[in-house]
Amino acid sequence: MPSWFGFLSMEADLAMTFIDCARLHTHHGNFANSVENARKALAEIQRGIVNPTARGLSGNEVSFLERRSEEIESALVAL
């Protein structure tokens, strides 16, 4: 069974992929959809690390996900 850390790590990768896609879109609607999808992935990560014990996340995993969340937030602001 996949771990929550694995799932949330994939969400972080997806968020960055959506941000990369947003940078490439010339049509505003496609740009907006990519940004919204990145925000949804970020929100899922943030929900997952609110109560790490319930999700079975270690301190190192939470730290990693917090750093990734900060990277995603910065990338969204830079758009």
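**Figure 1. The whole chain, end to end.** Start at the N terminus and the elements of the protein read α-α-α-α. That gives four helices and zero strands in what is a predicted model. The C-alpha trace spans about 40 × 25 × 15 Å along its principal axes. Of the 79 residues in the protein, 29% are buried. Take the contacts between residues at least 6 apart in sequence: 70% of them join residues at least 24 apart.

**Figure 2. Helix α1 against helix α2.** Here we zoom in on α1, residues 4-24, and α2, residues 28-48. Their axes come within 8 Å of each other and cross at roughly 160°. An angle over 145 degrees counts as roughly antiparallel, so that is how α1 runs relative to α2. The crossing of α1 past α2 is left-handed. On the α1 side, the contact is made by W4, F7, L8, E11, A12, A15, F18, I19, C21 and A22. Facing them from α2 are F31, S34, V35, N37, A38, A41, E44, I45 and G48. Sorted by class, this contact has 14 nonpolar residues, along with three polar and two charged ones.

**Figure 3. S34, a residue of helix α2.** Now for a single residue: S34 sits in helix α2. Is S34 buried or exposed? With a relative accessibility of 6%, S34 counts as buried. Leaving aside residues up to four places away in sequence, S34 touches F18, C21, A22 and H25. Among these, F18, C21 and A22 also belong to the α1 side of the contact with α2.

**Figure 4. Helix α1 against helix α4.** Back to α1, this time with α4 as its partner. The two pack at an angle of about 15°, and their axes are 10 Å apart. Angles under 35 degrees count as roughly parallel, so α1 and α4 fall under that heading. Their crossing is left-handed. From α1, the residues F5, L8, S9, A12, D13, A15, M16, I19 and R23 take part. They meet E61, F64, L65, R68, I72, A75 and L76 in α4. By class, the contact of α1 with α4 has 11 nonpolar residues, one polar residue and four charged ones.

**Figure 5. Helix α2 against helix α4.** What about the pairing of α2 with α4? These helices pack at an angle of about 155°, with 10 Å between their axes. They are therefore roughly antiparallel to each other. α2 passes α4 in a left-handed crossing. V35, A38, R39, L42, I45 and Q46 make the contact from α2, while L65, S69, I72, E73 and L76 do so from α4. Those residues divide into seven nonpolar, two polar and two charged. Some names here are familiar: V35, A38 and I45 also appear on the α2 side of the contact with α1, and L65, I72 and L76 are among the α4 residues that meet α1.

**Figure 6. W4 and F7, an aromatic pair in helix α1.** How many aromatic pairs does the structure hold? There are two, and this view shows one of them, W4 with F7. The ring centres are 5.4 Å apart and the planes stand at 85°, so this pair is edge-to-face. W4 and F7 are three residues apart in helix α1, which means they are separated by about one helical turn. W4 is partly exposed, with a relative accessibility of 34%. F7, at 32% relative accessible area, is partly exposed too.

**Figure 7. F5 and F64, an aromatic pair between helices.** F5 and F64 also form an edge-to-face aromatic pair, with 5.6 Å from centre to centre and 65° between the planes. This pair links distant parts of the chain. F5 lies in helix α1 and F64 in helix α4, residues 59-78, and the two are 59 residues apart. F5 has a relative accessible area of 22%, so it is partly exposed. F64 counts as partly exposed as well, at 27% relative accessibility.

**Figure 8. G6 and C21, residues along the chain.** G6 has its place in helix α1. At 26% relative accessibility, G6 counts as partly exposed. Follow the chain for 15 residues and G6 leads to C21, with 22 Å separating their C-alpha atoms. C21 is one of the α1 residues in the contact with α2.

Key
Residues are numbered from 1 along each chain as its sequence is written. This is a predicted model: local features need pLDDT of at least 70, side-chain atom pairs count only at pLDDT 80 or more; totals for chains, interfaces and linings use all residues. Side-chain values use heavy atoms; hydrogens and water are left out. Axes are lines fitted to C-alpha atoms, for helices over the stretch in contact, and angles run from 0 to 180 degrees between N-to-C directions. Angles under 35 degrees count as roughly parallel, over 145 as roughly antiparallel, 65 to 115 as roughly perpendicular and the rest as oblique. A crossing is left-handed if the near helix is turned anticlockwise from the far one by less than a right angle, and right-handed if clockwise. Contact means heavy atoms within 4.5 Å. Ala, Val, Leu, Ile, Met, Phe, Trp, Tyr, Cys and Pro count as nonpolar, Asp, Glu, Lys and Arg as charged, and the others, Gly among them, as polar. Rings of Phe, Tyr and Trp (its six-membered ring) pair if their centres lie within 6.5 Å; planes under 30 degrees apart count as stacked, over 60 as edge-to-face and the rest as tilted. Buried means under 20% relative accessible area, exposed over 50%, partly exposed in between (1.4 Å probe, protein chains only).
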